[in-house]
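Take a look at the model below. The walk starts at one residue and works outward from there.

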Amino acid sequence: MAIEFTKYHGLGNDFILIDNRSSSQPVITPEQAVQLCDRHFGIGADGVIFALPGKNGTDYTMRIFNSDGSEPEMCGNGIRCLAAFLAELESESRQSNQYRIHTLAGVITPELMTDGQVKVDMGIPRLLAGEIPTSLCPADQKVINQPLEVAGKTWDVTCVSMGNPHCITFVEDVVAIPLDNIGSQFEYHPVFPQRTNTEFIQVIRPDYLKMRVWERGAGITLACGTGACASLVAGVLTGRCDRTATIELPGGCLQITWSEVDQRIYMTGPAKQVFQGKYGI
Ligand SMILES: N[C@@H](CCC[C@H](N)C(=O)O)C(=O)O
């Protein structure tokens, strides 16, 4: 069997996009997704994203497998890539610049802007320990500046769910963090029953943060959209940053706003097509 795919990236966070509009189940298994994501023996990507038919009145459904085959609830850079992919698939028949996408994190709305960027209504962040989930605090409490022992050190962490779990810690120098040694110790820490994504943030100015990320199910990536949103929320909750900020990641910058009006998060960034192909499974 040969799978047709299109490769996209959002700031170097790269994905294999599959047109799955004729079926409500992904056309490949999580094990096959691991094979496709392999950078030596496959196509190479941080994840595989499926464009499925919409549910409950939405235009489409997004499902995603991480490069380890696990299925996350949401992907910020991925949903911008999905919006660009859908626009390409629909081409002439496209009626709107906005899509309502059903995800495991709820309905998410990306909008294609005239300058080529994609702006996404990422919804309302969830802050209670039970929603992350984490056992760091009682289920009905927010997890703000809580001590967490990892790799022989105590880190002050703040946890935010953007549908998927994030553990954020603020550091003096983000470049000095030995991410490849400690990232997986955060991901698999017993206080996170569904594992976690982890963001290390250096505040350059209240409206400019520098971030490095270890992603659940993918390891070090060049960018993480949900992680950038969660980090801005953590910065606001801990009094470190403004409600609108640029987040600089190794792959480039995202603009994030946590609206005071509707409490929703808005993320703006690029989505670029790289190549198309067929992969024999
Ligand atoms: N890179 C993504 C997040 C993808 C999912 C994540 N690895 C998880 O398991 O939660 C983004 O841009 O948000």
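Start at Gly76. Leaving aside neighbours within four places in sequence, Gly76 is in contact with Val120, Met122, Cys224, Gly225, Thr226, Ala228, Cys229 and Met267. Contact here means that the C-beta atoms of two residues, placed from the backbone, lie within 7 Å. Gly76 sits in helix H2. Helices (H or I, at least four residues) and strands (E, at least two) are DSSP runs, numbered from the N terminus. Gly76 is buried, because 28 other C-beta atoms lie within 10 Å. The cut-offs are these: buried takes 20 or more other C-beta atoms within 10 Å of the residue's own, exposed takes 12 or fewer, and partly exposed is in between, with C-beta atoms placed from the backbone.

Two ground rules apply. Residues are numbered from 1 along each chain as its sequence is written. The model is predicted, so local features need pLDDT of at least 70 and side-chain atom pairs count only at pLDDT 80 or more, while totals for chains, interfaces and linings use all residues.

Now step back to the overall division. The protein splits into domain 1 (2-123 + 270-280) and domain 2 (129-263). These bounds come from an automatic or database domain assignment. The domain centres, taken over C-alpha atoms, are separated by 24 Å. At the interface, 21 residues of domain 1 are in contact with 18 residues of domain 2. The domain 1 side of that interface has seven nonpolar, eleven polar and three charged residues. For these classes, Ala, Val, Leu, Ile, Met, Phe, Trp, Tyr, Cys and Pro count as nonpolar, Asp, Glu, Lys and Arg as charged, and the others, Gly among them, as polar.

Where does the ligand shell lie? Both domain 1 and domain 2 give residues to the shell around the ligand, so it lies between them. The ligand is surrounded by 18 residues, and the closest are Pro72, Asn77, Asn164, Gly225 and Thr226. A residue belongs to this set if its C-beta atom, placed from the backbone, lies within 6 Å of the ligand. H2 and helix H4 (225-237) are the elements that give two or more residues to the shell. By class, the shell has four nonpolar, twelve polar and two charged residues.

The database record adds names. An unreviewed UniProt entry lists Asn13, Asn66, Gly76, Asn77, Asn164, Asn197, Glu215, Arg216, Gly225 and Thr226 under "binding site". UniProt positions follow the numbering used here, feature names are shortened, and annotations may be inferred rather than shown by experiment. Take Asn164 from that list. Asn164 lies in the loop between strand E9 (153-161) and strand E10 (165-170). Asn164 counts as buried because it has 27 C-beta neighbours inside 10 Å. Beyond four places in sequence, Asn164 is in contact with Pro72, Glu73, Met74, Ala105, Asn197 and Thr226.

The unreviewed UniProt entry also places "active site" at Cys75 and Cys224. They span 150 residues in sequence, yet no two of their C-alpha atoms are more than 7.7 Å apart, so they gather at one spot. Cys75 lies in the loop between strand E4 (60-66) and H2. With 31 C-beta neighbours inside 10 Å, Cys75 is buried. Its contacts beyond four places in sequence are Gly47, Ile64, Gly225 and Thr226. Cys224 lies in the loop between strand E13 (219-220) and H4. Cys224 is buried too, with 35 C-beta neighbours inside 10 Å. Not counting residues up to four places away, Cys224 touches Asn13, Gly76, Asn77, Asn197, Val213 and Glu215.

Next comes the nonpolar core. The term means a set of buried Ala, Val, Leu, Ile, Met, Phe, Trp, Tyr and Cys residues joined through C-beta atoms within 7 Å. The largest core has 74 residues, of which Leu17, Val48, Leu82, Ala228 and Cys229 touch the most other members. Helix H2 (residues 76-90) supplies the largest share, seven residues. Both domains give residues to this core, so it lies between them. Ala228 touches Gly76, Met211, Ile247, Leu249, Leu254, Ile256 and Met267, not counting residues up to four places away in sequence.

Finish at the exposed residues. Asp115 sits in the loop between strand E6 (106-112) and strand E7 (118-123). Asp115 counts as exposed because it has 7 C-beta neighbours inside 10 Å. Ser91 is found in the loop between H2 and strand E5 (101-103). Ser91 is exposed, with 7 other C-beta atoms within 10 Å.
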